[in-house]
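This report introduces a structure to someone who has not met it before. It looks first at the interior and then at the place where two chains meet.

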Amino acid sequence: MENQEQHIINKGESVIAIKRLYKSFEDLHVLKGIDFNVFKGENVAVLGKSGSGKSVLIKIIVGLLKPDKGEVVVLGKDIDKLEGKELDALRLRIGFSFQSSALYDSMSVYENLAFPLTMNFKHLGKKEVDAAVMEALDAVGLTDKVRQMPSDLSGGQRKRTGIARTLILNPEIMLYDEPTSGLDPVTSSEINELINEVQKRYNTSSVIITHDLTCAKATGNRIAMLIDGKFLKIGTFNEVFDTKDEQVTKFYNYNFIQ
Amino acid sequence: MKQFHPVTKVKGFATKQSVRLSEKTMAKTAIANNFLTDLADVLLFITQFVRETFSRNSEVKEFFRQCFQIGYKSLPLVSITGTIMGLVLTIQSRPVLIKFGAVTMLPGMVAVSLIREMGPVITALICAGKIGSGMGAELGSMKVTEQIDAMEVSSTNPMKFLVVTRVWAAIIMVPILILYADAFGILGSWAGANIKGDVSFVLFFSQAFGSVRFMDLLPAVTKSFFFGAVIGFVGCYKGYNAGRGTESVGIAANSAVVLASLLVIIVDMIAVQITDMLI
């Protein structure tokens, strides 16, 4: 598989390094001491059931949640120790595509895309912003929707717009939270292709949070199986699923039989 | 049937009482803890607001957009409310004033009542309903749909962009809306006076404004700024701290209106006491 071969070539410089990460919400222990690395240029799909802590993991990576214990080093910086401008500067290098797309309802597609740019680079002129917006929309194939409002877009178009909004800042790392949830198989497959396209075009390293095996297989150079707050297996798709472990086989059978 | 020894029965009773007592104590402790947590949250929110207000790069464009949203879009509602306030006050007071032969005092009485008390309080309550619920619902919905998180991860400070601009817009626009409602109230009063009488516009307004002193206007305008602050703070706080489900949007909007209205009344009571002591 091309993706898996590429993973072996790129393995080297780690862009995300997580050591002994713990996170609880009151009595609910979500992450129980996980270790995890993402290497430059690779896509890692984190698979797991709903409520297994996948979204919590990427929210910790981007600094939206604080870990209880452990170390999260992103692009060489311990994100838990960053505040203010340092944290903002690091976040500009990370793109986050939300499960719900999180488009600003009161803004048009153009304004949604221009927002992070104008807020962070106030010196930019209208022509430069226009060009950046059109380039990002071109990357996701939505140049014709530039004047529309988020409410006029379909689920797939909303996801694409959400991805375009993160691409406008040229991120080094992309974090996708359930990119195919709530989409039909055809649109899901288009989003999977887009994730791979983004990796090639922008040379990003990505973490794809999903419970969809097809998405994980199509996009992930490596798969990390998160079960009960710990990574049960990390490796290529075949390495992870070539097992007799009941928890893994159950997940595999359920997805593909479905 | 199993027979219990009297001592065992007493012990069992004592244990049940002690369990009940500890449950009650734990419930009270939980309430006290929740109250203290909420209080700490509010203080933290206010601290963040103050810090972001005086930090660099203010969001001037968004502030003016919010002024437009809060001020301009509330004009029809405030106009109607102000007019009806003046009209009703005049129609209700006129027969009593006629009975005492003091109908000529009607314009002055209505103007002073509107400017000092009725205009600020009723307009602030209307604003609490319209602006407070709007802020609560808008920010609550942004929280639920992760738009606030999206702002944060794109290195935009949501507290500065969403909260600071809205609260300051409310602080500035609510007093303007109150003065606007006062003007419409006096206009409504003139219309009311002409329903059963005949008073010229110039005579009515000269009598109305002739009775209003600077010290009637100053405390009213001063407390209006506090009304604006209360409405802005409560609306933003409730929305910004909404829960995660769609139900929480409704709860945020509803509790914003209830709490803002209650605080407007309390602020008014304190303002009246202070004014009374000073003047």
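## Nonpolar cores

In this predicted model, the largest nonpolar core has 85 residues, and those with the most contacts inside it are Ile16(A), Leu57(A), Val74(A) and Leu175(A). Helix α6 of chain B, residues 158-196, contributes the largest share of this core, 14 residues. A second, separate core holds 32 residues, among them Leu137(A), Leu167(A), Leu169(A) and Leu183(A). In soluble globular proteins, nonpolar side chains tend to be buried together.

Leu175(A) can serve as an example: with neighbours within four places in sequence left aside, Leu175(A) is in contact with Ile16(A), Ile58(A), Ile61(A), Val62(A), Ile94(A), Gly95(A), Phe96(A), Ser97(A) and Val207(A).

## Where chain B meets chain A

Contact between the two chains involves 15 residues of chain B and 21 residues of chain A. The area buried between them is about 1,600 Å², and carbon and sulfur atoms give 53% of that area. On the side of chain B, Glu146(B), Val153(B) and Ser155(B) lose the most area to chain A, together accounting for 36% of what that side buries.

## Polar and charged links

Three salt bridges are found across the interface of chain B and chain A, and a salt bridge joins the side chains of Lys59(A) and Glu146(B), at 3.2 Å from N to O. Between chain B and chain A, nine residue pairs are in polar contact.

In chain B, α4 (106-144) and α5 (147-153) each supply at least two residues of the side that touches chain A, and α5(B) gives the most, with six residues. By class, that side of chain B has five nonpolar, six polar and four charged residues.

Methods. Residues numbered from 1 in each chain as written. Chains lettered and ligands numbered in written order. Predicted model: local features only at pLDDT ≥ 70, side-chain atom pairs only at ≥ 80, totals over all residues. Heavy atoms only, no water. Core = buried A, V, L, I, M, F, W, Y, C linked by side-chain atoms within 4.5 Å. Buried < 20%, exposed > 50% of the residue type's maximum accessible area, 1.4 Å probe, protein only. Helix = DSSP H or I, 4+ residues; strand = E, 2+ residues; numbered from the N terminus. Contact = heavy atoms within 4.5 Å. Buried area = accessible area lost by both parts, 1.4 Å probe. Salt bridge = Lys/Arg side-chain N within 4 Å of Asp/Glu carboxyl O. Polar contact = N/O pair within 3.5 Å; in protein donor to acceptor, adjacent residues only side chain to side chain. Nonpolar A, V, L, I, M, F, W, Y, C, P; charged D, E, K, R; others polar.
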